[in-house]
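Below is a short briefing on one protein model. Look over the sequence and the structure first, then read the points in order.

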Amino acid sequence: MLTPLVAATSAGVLLLLGGLLQVADAPGPLPGSLLAAGWTLALVAAVTGLLVLAAVLRTALGRRGAPTAGCVQHARPAWRQALLDFGVLPYLRRRHLATHPEAAMTPCSPPDTLAPCPARAGKDRTPCSD
């Protein structure tokens, strides 16, 4: 996908330089060589551009249709749950612990709650058995 862009840019620069040198009557084979290289790169840009276009078209036609409504309906709750589990709750836990360091969670605290362990609430440092 990068080849057509690089080849077209290089072709433009070489054609411009070759044309300017040719107009300025520069001696030697340099202007002709620059023009030949520019036209060669223009051909490379055109061929690779057509190949990229064909690949994009093939990819677009290979997909047989848009996602079904059932697929979207199933994915939305899963996405929301993942957002809650991996985004919102860890943020809330960090904020809660920053403002209330005495409510630090212990291994017995369920991972999806902000409530401290009952033994921790009574200032008992022993881990919970439940």
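In which helix is threonine 48 found? Threonine 48 is found in helix H2. The model is a predicted one, and the points below start with the whole chain before turning to single helices and residues.

**Overall make-up**

- The protein has four helices and zero strands.
- Read from the N terminus, the order of elements is α-α-α-α.
- Of the 130 residues in the protein, 14% are buried.
- The accessible surface amounts to about 9900 Å², and carbon and sulfur atoms account for 70% of this surface.
- When contacts between residues at least 6 apart in sequence are considered, 27% of them join residues at least 24 apart.

**Confidence in the model**

- The average pLDDT of the protein is 82, and 75% of the residues score at least 70.
- Among the elements, H1 has the highest mean pLDDT, at 95, and helix H4 (residues 118-121) has the lowest, at 52.
- Over residues 123-130 the pLDDT stays under 50.
- For residues 123-130 the model has nine contacts beyond four places in sequence.

**Helix H1**

- Helix H1 covers residues 2-23.
- H1 is made of 22 residues, and the distance from its first C-alpha to its last is 32 Å, close to the 32 Å expected at 1.5 Å a residue.
- Which residues of H1 are buried? They are Pro4, Ala7, Ala11 and Gly18.
- These buried residues lie on the same side of H1, because they cover an arc of only 75° around the axis.
- The buried residues of H1 pack against H2.
- On the other side of H1, the exposed residues are Leu2, Leu5, Thr9, Leu16 and Leu20.

**Single residues in and before H1**

- Leucine 20 lies in helix H1. Its relative accessible area is 52%, so leucine 20 counts as exposed, the cut-off for exposed being over 50%.
- From C-alpha to C-alpha, leucine 20 and proline 31 are 8.1 Å apart in space, with their positions 11 residues apart in sequence counted as the separation.
- Alanine 8 is also found in helix H1. With a relative accessible area of 41%, alanine 8 is partly exposed.
- Alanine 8 and glycine 38 are 30 residues apart along the chain, and their C-alpha atoms are separated by 8.8 Å.
- Methionine 1 lies in the segment before H1. Methionine 1 is exposed, and its relative accessible area is 73%.
- Methionine 1 and valine 52 are 51 residues apart in sequence, while their C-alpha atoms are 6.2 Å apart in space.

**The loop between H1 and H2**

- Aspartate 25 lies in the loop between H1 and H2, just after H1.
- Is aspartate 25 buried or exposed? At 65% relative accessibility, aspartate 25 counts as exposed.
- The phi of aspartate 25 is near 55°, which is a positive value in a residue other than glycine.
- Most residues other than glycine have a negative phi.

**Helix H2**

- Helix H2 runs over residues 30-62 and has 33 residues.
- At 1.5 Å a residue, H2 should span 48 Å; the C-alpha atoms at its ends are 47 Å apart, so the two values agree.
- The buried residues of H2 are Pro31, Leu34, Leu35, Gly38, Ala45 and Thr48.
- Helix H1 is included in what covers the buried residues of H2.

**Threonine 48 in detail**

- Threonine 48 has a relative accessible area of 17%, so it is buried, the cut-off for buried being under 20%.
- Which residues are in contact with threonine 48, leaving aside its neighbours within four places in sequence? They are Thr3 and Pro4.
- One of these, Pro4, is among the buried residues of H1.
- The side chain of threonine 48 reaches the backbone oxygen of valine 44 at a distance of 2.8 Å.

Technical notes
Residues numbered from 1 in each chain as written. Predicted model: local features only at pLDDT ≥ 70, side-chain atom pairs only at ≥ 80, totals over all residues. Heavy atoms only, no water. Helix = DSSP H or I, 4+ residues; strand = E, 2+ residues; numbered from the N terminus. Buried < 20%, exposed > 50% of the residue type's maximum accessible area, 1.4 Å probe, protein only. Contact = heavy atoms within 4.5 Å. Areas by Shrake-Rupley, 256 points an atom, 1.4 Å probe, with all protein chains shown as cover. Expected span 1.5 Å × (residues − 1). Polar contact = N/O pair within 3.5 Å; in protein donor to acceptor, adjacent residues only side chain to side chain. Arc of directions from axis to C-beta. pLDDT = per-residue confidence, 0-100.
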